[in-house]
Each structure stands twice: as C-alpha cells, then as structure tokens.
Amino acid sequence: MTARPRFGRLRGRPAASHRTALASCLVLAGCAALAGCGRVAAPGTAAASLVPVKLSLATSVSASDGADWAVVQLGTSAKDHNNFWELFVRPAGATAAWKLATPAGVASNGGLVAAPAADQAGRQGALAAGFQPSQDLTFSPVTATTDDGVRWSQGAPLAPGLADRPDALAAGAAGRLLAVTRAGNAELSTNEGASWTKLATARSLAATAAGRGCRPTEITGAALTAAGVPVLAATCQRPGAVGLFAQEGGSWRLAGPVLPAALRARGVSVLRLVSAQDRMTVVLAAGSGADAGIVTAWLPGAAAANGQAFAWQVSPVLRASPASLRSVAVWGGGTVGLVRSDGRTETGAVLARPDISAAGARTGWQSLRTLPAGTQTLATGSAGQPEALTAAGGTLTIWQFSRQTGAWTKAQTVRVQIPYGSSG
C-alpha cells in the first residue's frame with residue numbers, strides 16, 4: 001500500500017504567510033520559558049551506579065479503544081535532514097492493518113511523541129501527538145485526534161518545545177495536557193492548550209519535602225492518572241530513590257513503587273511513564289553492569305483517584321544492562337516490549353500485562369531471539385503475538401513472531417512517499 005506524502009521543512013526561513021498559516025492551523029498554545037531553568041546542578045557525584053539512559057523516540061502505545069499506535073523514523077540521514085519521524089495506527093479489530101496517520105504539514109525531522117488519552121467528551125481512543133523542534137522550528141506543534149488519525153485538531157505551538165523524551169507529552173480527559181519542555185519545565189493545560197501554567201521544575205521539586213528524598217536533577221516524563229492527578233518522572237541523585245512525583249492537594253509527594261531489595265542501593269532511571277487503558281505503567285532501570293536490573297510496575301487506573309494511595313505491583317527483575325536499551329514500548333494495558341542492541345544485533349524481551357485485579361498476581365519476562373535487522377520498536381499483534389517494526393527508506397515493515405516456530409515472518413509493508421531534500 002502507498003500512503004500519502006509527508007512534507008518536510010522548507011528551505012530557509014518560512015515566509016510570514018507560511019508562519020501565519022501554520023499558527024492558525026495548530027490547536028494548542030504554548031508559553032515560553034527561560035532555557036536552563038528546569039535543571040539542577042548536581043552537588044558532587046551522581047547516584048551510585050546510575051547509568052543515564054537515552055531511549056529512542058521510536059515506540060508503540062495502545063489507546064483505550066484498542067487501537068495501537070507506533071512512532072518510527074523513516075528516510076535516511078538525520079545529518080542531512082532526510083530523516084522523517086512518522087506516526088502509524090492500527091485501528092481496533094482482528095483484521096485491521098497498520099496505516100500512516102502522521103498529521104500533515106509539519107516538519108517531523110526532530111521527532112514526535114504520542115500520548116493516548118480519553119477525549120474531552122469522555123469517549124475513549126483519543127490520542128495527542130507533539131512534534132519535536134528542528135532547524136527553524138523552535139516550538140512544538142501539538143495536535144489531537146479522536147478518530148484514529150482521520151482528522152486532527154490543530155492550533156498554536158508550545159514553546160520552547162517538547163523535551164527529547166518519549167513521554168514528554170501526556171493527555172487526559174476534559175482537555176487536560178501535561179508537557180515537559182526542553183527548558184526542563186513541566187507545563188499543565190486544562191483547556192486543550194489554549195493556555196499553559198508552569199507546574200514544576202527540577203529545582204522547585206528539589207525544594208519540597210518530597211524532593212529531599214530524591215534530589216531531582218531533571219524532569220524526564222509526564223503522565224496523568226485516571227483522576228487527572230499530574231505525575232512527573234525525574235532523575236534522582238539519591239541512590240534507590242524512584243523519581244516519581246504526584247501532585248495532590250497542591251503539594252508534591254514521592255509516589256514511586258518500592259524496588260526489589262537487590263536494587264534498592266542502586267541509582268534509578270525512569271525509562272517510561274505511560275497512563276493508558278486501565279492502568280499507569282512505569283519502567284525502571286537500576287544500577288549498571290552485571291548487577292543492573294530492569295523492572296516494571298503497574299498502578300490500577302482507580303488507585304490514585306480520590307486520594308487513594310499509589311499501590312504499585314512490581315514485576316520480577318530482568319537482569320540486563322540499561323546501556324543496551326534502544327527502545328521501550330508499552331501496550332495492551334501494561335505489556336512492555338524492550339529492544340536491546342550489542343552494536344551488532346538487536347534482541348528483545350517482553351513482559352506480559354498482569355492481572356492486577358488478582359492479589360499477588362505475577363508475570364515474568366520472556367526473551368525473544370534475535371530480532372529482524374534494524375528493529376526500531378516492538379508492538380503487539382491483534383492476537384497478542386509480538387511484532388517487530390523495521391524501516392528502510394520509505395518502507396515500514398511489520399514482522400510477526402511465532403511462539404510455535406520461534407521465527408519472524410513478514411506480515412505487512414507500508415510505503416510512505418518521502419520528500420527527500422525538502423528539509424535542507
């Protein structure tokens with residue numbers, strides 16, 4: 001199948017008329033912030049054994065209506081601005097196929113992030129998407145859909161632009177949006193982005209009672225609970241501290257899960273923080289080298305509502321170096337898919353969603369054999385089988401894994417017309 005063409009950045013600075021048209025066609029308004037005000041300089045050394053992890057923006061997520069979304073980088077050289085980040089959707093249904101759903105008319109060379117949510121009318125299946133700044137694009141267009149990308153509502157931009165993190169944008173019901181900007185600020189909107197309020201910075205979090213238990217240096221992600229409670233992910237200097245801050249009653253408190261005993265003295269990185277379907281999911285990496293571990297924790301959707309405690313269920317530990325991680329996907333109500341690389345080949349691991357309604361329910365990590373070459377992210381098939389998404393030029397290829405044979409089989413290709421040279 002051949003998808004509609006995508007348009008890149010125009011050469012040189014855009015004309016005034018182009019800028020006016022762009023501003024009038026985007027939905028959400030942003031507010032500027034001073035660069036550098038959200039990061040706190042670390043006094044002394046970082047947390048013990050903390051390995052900074054920089055994940056790719058490539059990922060996949062599931063919306064509450066059962067639709068699956070994926071963010072993948074197509075094209076060629078990022079150095080020549082011939083890379084194009086694209087958004088794909090597979091609507092709910094056993095026979096549905098992946099298709100291109102990237103909002104048209106915005107440069108996507110810098111990357112994009114996707115955040116599933118309920119829309120303001122209470123219907124399920126909405127998704128918000130935000131574009132990363134690139135070249136002359138110094139802000140982030142943020143846009144939303146409630147019909148699997150057939151139509152996008154668009155407005156004014158968010159400045160100074162979204163942070164280069166897969167969870168820099170979160171969406172909730174009734175028009176609530178939560179964003180982490182490149183200045184390090186957490187910005188909250190309660191009116192679909194018509195206005196924004198600075199919610200926190202790493203420095204302001206550090207000054208709170210909760211902040212002293214973490215000593216945050218940087219805000220790295222955002223989520224909204226089912227009840228609309230803002231949750232921020234942060235990097236902590238204090239060993240063993242999980243940098244998850246929840247705002248309740250006008251104040252912040254640490255709300256992360258308790259790590260397994262073997263990891264409690266390690267430095268912790270919050271890899272992913274996703275609120276979708278009936279739960280919030282957080283993926284954590286602790287330590288480095290042979291002693292490092294990766295764990296996932298789940299929070300039922302109603303757990304943080306009406307002042308209830310954050311009662312997390314924590315997965316077993318996957319022994320793996322955080323430095324090997326390339327991407328982390330969260331789908332199917334908390335199922336997690338990891339892509340790892342040793343520089344030569346990609347391997348994967350999947351953690352199936354647990355039944356968190358059952359007390360003490362547990363689930364374990366399942367390793368996947370060598371992934372198809374160039375796998376950017378994993379997804380889940382309509383029957384629950386793992387899928388690997390690869391890209392070459394303008395072609396996205398979806399591979400399905402058979403647990404019976406242990407082999408990967410090509411299931412679908414989606415061809416996108418890439419406008420090479422349009423972004424130079």
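1. A salt bridge is taken here as a side-chain nitrogen of Lys or Arg within 4 Å of a carboxyl oxygen of Asp or Glu. By this rule the count comes to 9 salt bridges. The structure is a predicted model, and the points below should be read accordingly.

2. One of these contacts joins Glu-387 to Arg-90, with the closest N and O atoms 2.9 Å apart. The two residues belong to distant parts of the chain: Glu-387 lies in strand β26 (residues 386–392) and Arg-90 in strand β4 (residues 83–90), a separation of 297 residues. Glu-387 and Arg-90 are both buried. The contact also belongs to a wider arrangement, since Asp-68, Arg-90 and Glu-387 are linked in a network of salt bridges.

3. A further salt bridge is formed by Glu-218 and Arg-165, whose closest N and O atoms are 3.5 Å apart. Glu-218 is placed in strand β13 (residues 216–224), and Arg-165 in the loop between β8 (142–145) and β9 (169–171), so the pair ties together parts that are 53 residues apart in sequence. Both Glu-218 and Arg-165 are buried.

4. Arg-344 and Asp-342 also meet through their side chains in a salt bridge, at 3.4 Å from N to O. Are these two residues buried or exposed? Arg-344 has a relative accessible area of 69% and is therefore exposed, the cut-off for that class being over 50%. Asp-342, at 45% relative accessibility, counts as partly exposed, because its value falls between the limits of 20% and 50%.

5. Strand β4, which holds Arg-90, deserves separate comment. How many of the residues of β4 are buried? The strand is mostly covered, with 8 of its 8 residues buried. In a regular strand the side chains alternate between the two faces of the sheet. In β4, Asn-83, Trp-85, Leu-87 and Val-89 point one way, while Phe-84, Glu-86, Phe-88 and Arg-90 point the other way; all are buried.

6. The pairing of β4 with other strands may be considered next. Strands β3 and β4 run antiparallel and are joined by 8 bridges; within this pairing, Val-72 has Glu-86 of β4 as its bridge partner. Strand β5 (residues 99–100) also runs antiparallel to β4, and 2 bridges join them. In that pairing Phe-88 stands opposite Leu-100 of β5.

7. Turning to aromatic contacts, a search of the whole structure finds 2 aromatic pairs. In one of them, Trp-69 and Trp-152 are arranged edge-to-face, at 6.3 Å centre to centre and with 70° between the planes. This pair links distant parts of the chain, with Trp-69 in strand β3 (residues 68–75) and Trp-152 in the loop between β8 and β9, 83 residues apart. Trp-69 has a relative accessible area of 1% and is therefore buried. Trp-152, at 17% relative accessibility, also counts as buried, because the cut-off is under 20%.

8. Phe-401 and Trp-408 form an aromatic pair as well: their ring centres are 5.0 Å apart and their planes stand at 50°, so the pair is tilted. The assignment follows because planes under 30 degrees apart count as stacked and those over 60 as edge-to-face, with the rest tilted. Both Phe-401 and Trp-408 are buried.

Note on methods:
Residues numbered from 1 in each chain as written. Predicted model: local features only at pLDDT ≥ 70, side-chain atom pairs only at ≥ 80, totals over all residues. Heavy atoms only, no water. Helix = DSSP H or I, 4+ residues; strand = E, 2+ residues; numbered from the N terminus. Buried < 20%, exposed > 50% of the residue type's maximum accessible area, 1.4 Å probe, protein only. Phe/Tyr/Trp six-rings, centres within 6.5 Å; stacked < 30°, edge-to-face > 60°. Pairing = 2+ DSSP bridges.
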